[in-house]
Amino acid sequence: MEKQIDTIFVDLGDTFRVIRKDEAYQRAAKETITRLLGTKEDPIAFYKNVIEPRYDRYREWALTFYCEAPVKELWTRWLAYDFPRERVEAAADEMTYAYRRTKGERVVTEGGIDTIKELYARGYTLGIVSDLVGTEEVDEWLDQDGLRPYFKTVQQSSTCLIRKPHPAIYYYALEECGADPHRTCYVGDNLARDIVGAKAAGLGMTIGVQYPGRKPQEITDENRPDRFISHFTQLLDIFPPIE
């Protein structure tokens, strides 16, 4: 290992967790959104013609200001502003969870759980720093997969309301762990957000994830990580036990 690292933060989407497509699973999620809003429109058409373009506009705003809107604001201002506000606010959390499921089922990447457990056993402090909408999904997943004890911090843009590459989301994680940024590594798949943000926060090491079949990203001096991996388990080759 080139640098003395004792803390490792990981991204979730397309890094520690990947999407498994399932047509029935995704359709059910779209049906949940239309049911909660009380619309009789076809769930597939409503999602494609209303929710998707509205979310694209929201995402553009979020990426411009490096922030995440609270879920009630997301739905009352951006996604369902033309529905009764009281109804939308009451269903915002459940609809956000459903929106996430419209993309597919999120599962831990192959070998991910064993890798996290082994890094923890080797003495590393572990954390999650991730951009995502919704406040319930990650907590439910951590408990379901029995992973909560292994992560000392879980920073989500949906709870701290800051998105990568803003360095503040990394600072929150560092502060909660009591970690030294120069001894901290960040592992993420999106070079423009994950790696640029980690460098802006002064983290000592960055690792880019490029799983097979994924579209290559343009590498620049600003977003170039210290290392690349093509399988999550390769972290075990980089980080030996801490003496």
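Between which two strands does the loop that holds Asp14 lie? The legends below, drawn from a predicted model, begin with that residue.

**Figure 1. Asp14 in the loop between strand S1 and strand S2.** Asp14 is placed in the loop that joins strand S1 (7-10) to S2. Its phi is near 65°, a positive value in a residue other than glycine. Most residues other than glycine have a negative phi, and most peptide bonds are trans. With a relative accessible area of 29%, Asp14 is partly exposed, because the partly exposed class runs between 20% and 50%. Asp14 is also among the residues closest to the centre of the largest pocket, which is the subject of the next view.

**Figure 2. The largest pocket and its lining.** The largest pocket encloses about 820 Å³ of space. It is lined by 32 residues, and those closest to its centre are Gly13, Asp14, Arg59, Arg106 and Arg193. Strand S2 (17-20), H2, H4 and helix H9 (191-200) each give two or more residues to this lining. H2 provides the largest share, four residues. By class, the lining comprises 18 charged, nine nonpolar and five polar residues.

**Figure 3. The second largest pocket.** The space in the second largest pocket amounts to about 280 Å³. Of its 15 lining residues, Arg17, Tyr25, Glu105, Arg106 and Gln144 are the closest to the centre. Two or more residues of the lining come from each of H4, strand S3 (105-108) and H6. The lining divides into eight charged, five nonpolar and two polar residues. Arg106 is thus listed among the residues closest to the centre in both the largest pocket and the second largest pocket.

**Figure 4. The enclosed cavity beside helix H4.** How many cavities of 30 Å³ or more does the structure hold? There is one, and about 50 Å³ of space lies in the largest cavity. Its lining consists of Asp93, Thr96, Tyr97, Arg100, Val133, Gly134, Thr135, Glu136 and Glu137. Helix H4 (residues 85-101) gives the most to this lining, with four residues. Four of the lining residues are charged, three are polar and two are nonpolar.

**Figure 5. Helix H2, its bend and its buried face.** The 23 residues of helix H2 (residues 43-65) should span 33 Å at 1.5 Å a residue, and the 31 Å between its end C-alpha atoms agrees with this. The helix bends by about 30° at Ile51, and Pro53 follows within four residues. Which residues of H2 are buried? They are Pro43, Phe46, Tyr47, Val50, Ile51, Arg54, Tyr55, Tyr58 and Ala62. An α-helix has 3.6 residues a turn, so residues three or four places apart point the same way. The cover over the buried residues of H2 includes helix H1 (23-37), helix H3 (71-79) and H4.

**Figure 6. Ser130 and its contacts in strand S4.** Ser130 belongs to strand S4 (residues 125-130). Its relative accessible area is 1%, and Ser130 is therefore buried, since the buried class lies under 20%. Beyond residues up to four places away in sequence, Ser130 touches Asp11, Leu12, Gly13, Gln155, Gln156, Ser157, Lys164 and Ile169. One of these contacts, Lys164, precedes the cis peptide bond shown in the next view.

**Figure 7. Backbone features in the loop between helix H7 and helix H8.** The peptide bond from Lys164 to Pro165 is cis, with omega near 15°. Pro165 is situated in the loop between helix H7 (157-160) and helix H8 (168-177). Leu161 also has its place in the loop between H7 and H8. Although Leu161 is not a glycine, its phi is positive, at about 70°. Leu161 counts as partly exposed, at 32% relative accessibility.

**Figure 8. Ile207 in strand S7 and Pro149 in a loop.** Ile207 is found in strand S7 (residues 205-209). Is Ile207 buried or exposed? At 0% relative accessibility, Ile207 is buried. Apart from neighbours within four places in sequence, its contacts are Cys185, Tyr186, Val187, Gly188, Ile195, Pro225, Arg227, Ile229, Leu235, Ile238 and Phe239. Pro149, by contrast, is exposed, with a relative accessible area of 60%. Pro149 lies in the loop between helix H6 (137-144) and strand S5 (153-156). Its C-alpha atom is separated by 9.9 Å from that of Leu126, 23 residues apart along the chain.

Notes: Residues numbered from 1 in each chain as written. Predicted model: local features only at pLDDT ≥ 70, side-chain atom pairs only at ≥ 80, totals over all residues. Heavy atoms only, no water. 1 Å grid on protein atoms, 1.4 Å probe; cavity = no way out; pocket = protein on both sides within 12 Å on 5 of 7 lines; lining within 4 Å. Points joined across faces, edges and corners; volume = space filled by probe spheres on them. Nonpolar A, V, L, I, M, F, W, Y, C, P; charged D, E, K, R; others polar. Expected span 1.5 Å × (residues − 1). Bend = angle between axes of the 7 residues up to and from the residue. Buried < 20%, exposed > 50% of the residue type's maximum accessible area, 1.4 Å probe, protein only. Contact = heavy atoms within 4.5 Å.
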